[in-house]
Amino acid sequence: MMLRSCGGSLTELRFSAQASISSSSSRKLHTLCSPSNSRLFLGFNSHKNPINDFLENPKVPHAQKKIHGKDGVLLEFKLQCRSKNVALPNKSVNKGKKKKYGGVLPQILRALEGGIDVEGILESYCGKLNPREQTVILKEQSRWDKVVRVFEWFKSQKDYIPNVIHYNVVLRALGRAQKWDELRLCWIEMAKKGVVATNNTYGMLVDVYGKAGLVKEALLWIKHMKLRGVFPDEVTMSTVIKVLKDAQEYDSADRFYKDWCVGKVELDDLDLDSMGDQQAISLKQFLLTELFRTGGRSQSSSGFVGVESSVNKPRLTTTYNTLIDLYGKAGRLKDAANVFSDMLKAGVALDAFTFNTMIFICGSQGHLSEAEALLNTMEERGVSPDTKTYNIFLSLYADMGNIDAVLQCFRKIRKVGLFPDDVTHRAIIKILSERNMVDEVEAVIQEMEKFDKCIGGSSLPVLTKMYVTAGLHERAKSLIEKFQSTGAFSSKTYAAIIDVYAENGLWDEAEALFCANRDGSGQKDVLEYNVMIKAYGKAQMYDKAVSLFRGMRNQGTWPDECTYNSLIQMLAGGDLVDKAREFLTEMLDGGLKPSCSTFSAVIASFAENKSFSDAVDVLQEMILLDVKPNEIVYGSLIDAFAEDGKFEEANQYFQAMEDSGIAANQVILTSMIKAYGKIGSVEGANRMYEKMKMFEGGPDIVASNSMLNLYAEVGMLSEAEVIYDHLRERNLADGVTFATMMLVYKNMGMLDSAIEVAEQMKESGLVRDCVTYNKVIACYATNGQLVECGKLLHEMVVIQKLMPDRGTFKVLFTILKKGGIPAEAVQELQSSYNEGKPFAKQAVITSVFSVVGLHAYALESCGFFSKEEVGFNAFAYNAAIRAYVAYGKIDEALKMFMRMQDEGVEPDLVTLVNLVNCYGKAGMIEGVKRIHSKLKYGEIAPSESLFEAVIDAYKNANRPDLADMVRQDMKFASDDVQQFTDSEIEDLDETDIPLAQQYTDSETEDFQ
């Protein structure tokens, strides 16, 4: 929450000064500290609940709290005063109510307020108005033109005597209306009539120019003042401080104040050219020339007589408030505390603004207990907290996340007899809505409606976001429709709500709101179009975005640079770079200048698609338009050329980037390492890597991995190990690091070292996605550690709940082959997986667990098949039967076979192999003989895998004699198959073989 700066007109400031001085002797004074304790310290670190202290028991704790500021300076932030020599007024200066005038003034003011004939009204009172009444009439006019007309009539009277007070009123009215030409003429006239400018005049001019944003011109009035020998009084000084503070020239404001305190005004060291919003040339010329030649001079124009050696101290509450606000905004807590302490010592009255400023400064610096203690002191001193006080605490408690305190503070406002203002309601709704506290927000809204308060338009987007986040879309819609019916919607509000819908993927709602009628006119601001185009882009509805863009001119709204930039960047990012290029050309033809980000998006998209000539053409257009390419533009080109192996082009743009004064970042240097790697230049890559070592923190992990990969490709083991060890020592190694190092060792046949790296990767906790699991499983498989492969597969699928990808299954088929199951079984599983058949993945995983001997995991996986009531293909039944047999669950295996038959699924070769293994383990010789007989007499096609299974089955059943007999049958069957095959080949002409079969045969030969 931003604090309001010290306000009030100059008249009010000077009235405060007079009141403070004239009443100081007669006002009854009370000391700040209690009679029993001569020193009071704010900052007591209470162990009680601070919100309860603040709301229920507003007492000032008498203890000292040391505060550490941002700069590490120990702040003894204490408010100390001694009853015998420092006394403070209880309350702030009473500004009083608006003055009621007597005599003819009320009648004249009413007539002028509603009348047009200013001169005619005043004529009826000719000769009846004294100078004081004339001043009142001038001041009470709300329009600058009426002020001028009234003043002109006064001057036309014969008995009128020009005076500086009247000119001050007119100059202030013209300055507030920013009528600079009229102000210039009034100033010149004032000089011609010999009316000498006073401190009031200069202070008022500084004020109006500063509020208009003309900081430099405001300060030039102080120079003019110095030339005329007029030393700024306290009000003028305070006004200058405020102007510099509002311009964020905090050091300059501090220096001006300290100079004023010792009787100096030095502006030569201020950089006036860098301040303010410079407007018309005539205005600056006027201030620099004509004004300095005019204006009444005091008796001495050579400087400040008798002032240089004097010491000035502020005496006004408003001055101290301005200084406290200055140091608070500058983040100088110690200086703010010192000013506050000086204010107390000087006996200057404290007002609500003083405390509010100090409360905000302390709270925003993290010293909430001090802020709460200040509130207690405020109440004890009889300075009543206002609504702004509680608004500040609302913000502070919200920043701390203490929502209970926020709500209590909000309720406290009415409890103490105050009323929440628009700022309060806006703040509380925002705070609660951001935390999705729907019930609490609706309670606040109900209370507002009870007191005829309306929700501000700026609160509507945050309320909509709250409802959308909570899934209460209908409530959001109802709220929006209610606002629409009042016609209180601004274009900015529409755009913000559309953006809320878009951010939450509610494209239909965003579109409906955008297309809604606006008081029957349907006119939309360009901001709304920009947000809706962005929404379509986020939803990847590129056609709708383009259509909306094409139609906006027909609706009377013309696209601006933001519209084009957004659309072009969206299309380029959506791989529609040709369309983006069309709009880029259209934008240029329309005289609009694309941003660097827009050019960058188009260049990057062309480069990514390897349309290098187009990317370079866009870069040339960019340079011709004097849009300087940044590191992102150069980086996208360098990386694209590096990826494509175009080293010369990558290096060319790298040199161009350095020549333009842009330093290469980590990303670009990594791309250059990649480029050098493509041409096998270890030396060039090392040079880039050495540059990275000059950066804070050294090379990042991506660059280090790139170098590691390069060393792996060229077989530089020792260099690779140096980088690997360095990354591990600094805890920077990631999954790519370990995977690359495993590859280095595997390629060099150092399988034990590769396994060691795999173990390190597991210990590091980096094996957590499919890619890293695949790498480690493959490493164990290469080394023949199949059991470890199975354990990792179980961890991956069952524990981590990761879905194996194609890379995983590629490794699993290798494990199956190494595990010794028949080649026909592997081929069957592989075909079912490639064809995407149901349950194929589960069958493969079950088979892997079974093959590597993790039978418990295999049976766990088989449970999936037994639970499913739908039928399976043969490969799924085969996987389950194989698992049961391997674990010795003969009954379960036979049940699965019987289920297979009941389902009408024909047993295939793999099924028969599994059955033979089952019969052999169960000692069921007859079953083995039955299958052997069919194989022997040709009822089953000869198969080496089946013969081997029968032999193993007889061995398991302790019948080696039958096993030897099968070997003989296998030999004869093999000869018969070879003879048949040879005769078939002799009878077939090559042209009789289908083309597809020829291709398959050639593939088989290559595979073998």
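R149 is a good place to start: in this predicted model, its relative accessibility is 32%, so it counts as partly exposed. Its side chain meets that of E119 in a salt bridge, with N and O 2.9 Å apart. Look at where the two partners sit: R149 belongs to helix 6 (residues 144-156) and E119 to helix 4 (residues 118-123), so the bridge ties together parts that are 30 residues apart in sequence. E119 has a relative accessibility of 30%, so it too falls in the partly exposed class, which runs from 20% to 50%.

How many salt bridges are there in total? The count comes to 35. Another one to click on joins E442 to R475, with the closest N and O atoms 2.8 Å apart. Here E442 comes from helix 21 (residues 438-450) and R475 from helix 23 (residues 473-486), so the link spans parts 33 residues apart in sequence. E442 is partly exposed at 21% relative accessibility, and R475 is partly exposed at 37%.

Now turn to K430 and E434, whose closest N and O atoms are 2.7 Å apart in a salt bridge. Both of these residues lie in helix 20 (residues 422-434), four residues apart, or about one turn of the helix. K430 has 41% relative accessibility and counts as partly exposed; E434, at 48%, is partly exposed as well. Salt bridges can also join up into something bigger than a pair: K242, K245, D246, D325 and K329 are linked in a network of them.

Next, the nonpolar interior. Which residues touch the most other members of the largest nonpolar core? They are I359 and I815, in a core of 295 residues. The element that gives the most to this core is helix 46 (residues 874-886), with 10 residues. If you zoom in on I359 and skip residues up to four places away in sequence, you'll find it touching A371, L374, L375, M378, T389, I392, F393 and L396.

Helix 30 (residues 596-608) is worth a walk from end to end. Its 13 residues, at 1.5 Å a residue, should span 18 Å, and the C-alpha atoms at its ends are 18 Å apart, so expectation and model agree. Which of its residues are buried? C596, T598, F599, S600, V602, I603, S605, F606 and A607 are. These buried residues pack against four other helices: helix 28 (561-573), helix 29 (577-589), helix 31 (612-624) and helix 32 (631-643). After helix 30 comes K610, whose phi is positive, near 65°.

Finally, a word on confidence. The chain has a mean pLDDT of 80, and 81% of its residues reach 70 or more. Over residues 276-283, though, the pLDDT is below 50, and this stretch has 13 contacts in the model beyond near neighbours in sequence. The pLDDT also stays under 50 over residues 977-1008, where the model has three contacts beyond four places in sequence.

Conventions. Residues numbered from 1 in each chain as written. Heavy atoms only, no water. pLDDT = per-residue confidence, 0-100. Contact = heavy atoms within 4.5 Å. Salt bridge = Lys/Arg side-chain N within 4 Å of Asp/Glu carboxyl O. Helix = DSSP H or I, 4+ residues; strand = E, 2+ residues; numbered from the N terminus. Buried < 20%, exposed > 50% of the residue type's maximum accessible area, 1.4 Å probe, protein only. Core = buried A, V, L, I, M, F, W, Y, C linked by side-chain atoms within 4.5 Å. Expected span 1.5 Å × (residues − 1).
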